[in-house]
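Good morning, everyone, and thank you for making the time. I would like to walk through one model with you, going from helix packing to a few individual residues.

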Amino acid sequence: MPTSRIAEVLYDSETVLRLVDSELEELRDDPADGHPLAVLLTLMQRANQETACVLRTLSHGRDALGDIPLREIRESVDKLTEVSTATEAAAHRIMDGIDRAQGMLDALDRLAEEPTVNGAIQEAMVRARLREELFQIIGALQFQDITSQQLGHAAQMLGDVSRRVHATTSLLGGSCAEAESVAAEASPIFAESASIKDVGERQAAADALFWAERTRKAAS
Amino acid sequence: MRFLVVDDSATMRRIVVNSLQRVGFTEVVEAADGAEALEKLSGIDFLITDWNMPKVSGAELTRAVRARDDSRGLPIIMVTARSVRDDILTAMEAGVDSYVVKPFTPQVLREKIDAVLASRAAA
């Protein structure tokens with residue numbers, strides 16, 4: 001239910017309860033109604049007050065939750081989706097690199113079996129390409145650090161949602177030991193912007209900002 | 001030239017060390033966080049550090065290095081997954097000489113190292 005609709009429902013409920021309370025006051029003060037009705041009216045008034053108290057607590061619980069948990073859950077889902085995509089892309093890069101490396105090993109085997117005039121030069125070239133390919137495979141493993149940051153950030157946001165749920169549970173008078181332990185955990189810091197996407201553009205933007213700041217400081 | 005590579009991820013330290021070796025720098029020392037790095041600065045000619053680390057972050061490490069008489073002029077490159085504007089400005093204000101966004105290539109790292117050394121030589 002949207003937050004504005006919740007607010008409307010709470011406001012309408014409180015207004016109706018105030019009107020009921022006002023009517024009950026008038027009936028209780030009316031001498032023509034007699035003793036039994038007065039007792040009933042007192043009970044209804046007490047019930048009305050307790051219902052109003054429950055509504056205030058629900059209102060505070062709503063404030064404790066706010067809109068942030070929904071946004072954080074959405075962002076967590078986005079981060080987790082990106083992690084899945086990044087790991088799949090990295091796995092394919094590594095497998096493609098291994099395929100190419102295996103092809104180069106086959107080429108070295110052929111050169112060894114059928115020596116040619118410039119075979120030594122060709123072997124050296126293939127070995128150089130093989131080393132470069134193996135190095136590229138190592139470079140692809142950077143995805144592990146990036147996805148670690150993304151998972152950490154998603155976990156941090158979900159931890160914040162958990163703390164808010166715990167705060168709301170406490171307001172409503174319940175207890176939730178598991179939520180308490182999550183709420184008490186300190187959150188390490190993760191890079192919110194960690195990503196394997198558009199690294200060329202992000203590096204270029206960083207370089208431009210560095211250059212602009214250096215130029216500005218040199219001029220001042 | 002002796003490098004100090006600082007990153008809490010053992011995988012990333014291997015990749016950075018591998019990249020440095022790939023582009024011709026073979027003398028490399030490693031540290032797993034900023035606190036350990038501060039203890040290993042002696043004899044270091046160039047510092048390459050991550051940002052998000054336990055105990056002492058890369059930005060805090062940079063400020064500490066710049067505050068010490070024996071390491072104030074040490075060349076520093078931040079290699080990090082952080083790439084928003086505020087982070088880059090924070091790194092600059094802390095005192096880094098250059099900034100490399102992860103994931104990076106050895107060629108980019110070499111370009112930044114060369115640029116920092118050339119800038120120091122020209123100054």
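Let me begin with a question: in which hand of crossing, left-handed or right-handed, does H7(A) pass H4(B)? Before I answer, please keep in mind that what you see is a predicted model. The crossing of H7(A) over H4(B) is right-handed.

To put some geometry on that, two packed helices are described by the angle between their axes and by the distance between those axes. Helix H7 of chain A, residues 199-219, packs with H4(B) at an angle of about 45°, and the two axes are 10 Å apart. With that angle, H7(A) is oblique to H4(B), because angles that are not under 35 degrees, not over 145 and not from 65 to 115 count as oblique. On the chain A side, the residues that make the contact are Ala206(A), Leu209(A), Phe210(A), Glu213(A) and Arg214(A) of H7(A), and they face Arg85(B), Ile88(B), Leu89(B) and Met92(B) of H4(B). Sorted by class, the contact between H7(A) and H4(B) has six nonpolar and three charged residues, and no polar ones.

There is a second pair of helices that I would like to set beside this one. Helix H4 of chain A, residues 119-140, packs with helix H1 of chain B, residues 10-22, at an angle of about 150°, with an axis separation of 10 Å. That angle makes H4(A) roughly antiparallel to H1(B), because angles over 145 degrees count that way. The crossing of H4(A) past H1(B) is left-handed. From H4(A), the residues involved are Arg131(A), Glu132(A), Phe135(A) and Ile138(A), and they meet Ile15(B), Asn18(B), Ser19(B) and Arg22(B) in H1(B). By class, the contact of H4(A) with H1(B) has three nonpolar, two polar and three charged residues.

Let me return to the first pair for a moment, since two residues of H7(A) come up again. Which residues does Asp97(B) contact, once its neighbours within four places in sequence are left aside? Phe210(A) and Arg214(A) are on that list, together with Arg66(B), Leu74(B), Pro75(B), Ile76(B), Val116(B) and Arg120(B). Asp97(B) sits in the loop between helix H4, residues 85-94, and strand E5, residues 98-101, of chain B. Its relative accessibility is 16%, so Asp97(B) counts as buried, the cut-off being under 20%. The side chain of Asp97(B) also makes a polar contact, at 2.9 Å, with the side chain of Arg66(B).

Stepping back to chain A as a whole, we find seven helices and zero strands. Buried residues make up 28% of the 220 residues in chain A. Of the contacts in chain A with a separation of 6 or more, 73% are between residues 24 or more positions apart.

One example of a contact across the sequence involves Leu151(A), which is found in helix H5 of chain A, residues 143-171. The C-alpha atoms of Leu151(A) and Leu80(A) are separated by 6.7 Å, although the two residues are 71 residues apart along the chain. Not counting residues up to four places away in sequence, Leu151(A) touches Leu80(A) and Val83(A). At 41% relative accessibility, Leu151(A) counts as partly exposed. For another pair, take Ala218(A), which lies in helix H7 of chain A and counts as exposed at 66% relative accessibility. Its C-alpha atom is separated by 59 Å from that of Arg56(A), with their positions 162 residues apart along the chain.

I will finish with the backbone. As background, most residues other than glycine have a negative phi, and most peptide bonds are trans. Asp198(A), which is not a glycine, has a positive phi of about 55°. Asp198(A) belongs to the loop between helix H6, residues 177-184, and H7 of chain A, and at 51% relative accessibility it counts as exposed. Lys55(B) likewise has a positive phi, of about 65°, without being a glycine. Its place is in the loop between strand E3, residues 46-49, and helix H3, residues 58-67, of chain B, and Lys55(B) is exposed, with a relative accessible area of 70%. Lastly, a cis peptide bond joins Lys102(B) and Pro103(B), with omega at about -5°, and Pro103(B) is found in the loop between E5 and helix H5, residues 106-122, of chain B.

Terms used
Residues are numbered from 1 along each chain as its sequence is written. Chains are lettered from A and ligands numbered from 1 in the order in which they are written. This is a predicted model: local features need pLDDT of at least 70, side-chain atom pairs count only at pLDDT 80 or more; totals for chains, interfaces and linings use all residues. Side-chain values use heavy atoms; hydrogens and water are left out. Axes are lines fitted to C-alpha atoms, for helices over the stretch in contact, and angles run from 0 to 180 degrees between N-to-C directions. Helices (H or I, at least four residues) and strands (E, at least two) are DSSP runs, numbered from the N terminus. A crossing is left-handed if the near helix is turned anticlockwise from the far one by less than a right angle, and right-handed if clockwise. Contact means heavy atoms within 4.5 Å. Ala, Val, Leu, Ile, Met, Phe, Trp, Tyr, Cys and Pro count as nonpolar, Asp, Glu, Lys and Arg as charged, and the others, Gly among them, as polar. Buried means under 20% relative accessible area, exposed over 50%, partly exposed in between (1.4 Å probe, protein chains only). A polar contact is a pair of N or O atoms within 3.5 Å; within protein, one must be able to donate a hydrogen and the other to accept it, and residues adjacent in sequence count only if both atoms are side-chain atoms.
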